Amino acid sequence: MSKIGYIRVSSEHQETARQQEIMNNYKVDRIFSEKISGATADRPQLKAMLDYVREGDTLYVESISRLGRSTRDLLNIIDTLTDKGVTLVSNTNSNTTQSNIFITE
């Protein structure tokens, strides 16, 4: 059971430091990080993370918006994580509740 972090910012000019600090606070074992628009379907680090996570792992994100920019995209990713038995922890979104999603603030 690993703690996995996913960090995404929308452009090369944006900094990941704030998200990195959150991952450090969670003491994640591995981080997948990319600087690419969430509207882009081809997100190599997201794909690598989804391939990497295993049953019992916990995925940490600063916000669920880091995973997907559309509701459909986000729900598909959450379904993939759920099917794999991965727990999702979002640091900032408090309006989402599901048995395998934990929201912290």
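In this predicted model, D73 comes out as partly exposed, because its relative accessibility is 22%, and the cut-off for buried is under 20%. D73 forms a salt bridge with R43, and the closest N and O atoms of the two are 2.6 Å apart. The pair ties together distant parts of the chain: D73 belongs to helix α3, while R43 sits in the loop between β2 and α2, 30 residues apart. R43, for its part, counts as buried, because its relative accessibility is 5%.

That pair is part of a short list, as a search of the whole structure turns up three salt bridges. Another one joins R18 to E62, with 2.9 Å between the closest N and O atoms. Here too distant parts of the chain are linked, with R18 in helix α1 (residues 17-26) and E62 in the loop between β3 and α3, 44 residues apart. R18 has a relative accessible area of 53% and is therefore exposed, whereas E62, at 8% relative accessibility, counts as buried. There is also a salt bridge between K47 and D51, whose closest N and O atoms are 3.1 Å apart. K47 and D51 are four residues apart in helix α2, so about one helical turn separates them. K47 is exposed at 53% relative accessibility, and D51 is partly exposed, with a relative accessible area of 44%.

Helix α2 (residues 44-52) has a buried set of residues as well, made up of L46, M49 and L50. Why do they end up on the same side of α2? They cover an arc of only 95° around the axis, and that is what places them together on one side. This fits the general pattern: an α-helix has 3.6 residues a turn, so residues three or four places apart point the same way. The buried residues of α2 pack against a mixed set of elements, namely the strands β1 (3-9), β2 (30-35) and β3 (58-61) along with helix α3 (71-83).

Strand β3 deserves a look of its own. T58 and Y60 point one way from β3, L59 and V61 point the other way, and all of them are buried. On one count, β3 is joined to β1 by four bridges, and the two run parallel; in this pairing, Y6 stands opposite V61 in β3. On another, β3 pairs with strand β4 (residues 87-90), again in the parallel sense and over four bridges, and Y60 stands opposite V89 in β4. To get from β3 to β4 the chain passes through α3, and this β-α-β crossover is right-handed. V89, which lies in strand β4, counts as buried because its relative accessibility is 8%. Although V89 and V61 are 28 residues apart in sequence, they are 6.4 Å apart in space, C-alpha to C-alpha.

Last comes R66, found in the loop between β3 and α3. Which side chain of opposite charge is nearest to R66? The nearest is E62, 4.3 Å away, and R66 is buried yet has no salt bridge. That distance falls outside the cut-off, because a salt bridge calls for a nitrogen within 4 Å of a carboxyl oxygen. E62 has its salt bridge with R18 instead. Leaving aside neighbours within four places in sequence, R66 is in contact with Y6, R8, V9, S10 and Q19. Y6 is one of these contacts, and Y6 also stands opposite V61 in β3.

How values were computed: Residues numbered from 1 in each chain as written. Predicted model: local features only at pLDDT ≥ 70, side-chain atom pairs only at ≥ 80, totals over all residues. Heavy atoms only, no water. Buried < 20%, exposed > 50% of the residue type's maximum accessible area, 1.4 Å probe, protein only. Arc of directions from axis to C-beta. Contact = heavy atoms within 4.5 Å. Lys, Arg positive; Asp, Glu negative; His and termini not counted. Pairing = 2+ DSSP bridges. Right-handed = clockwise from strand over helix to strand, strands pointing away.
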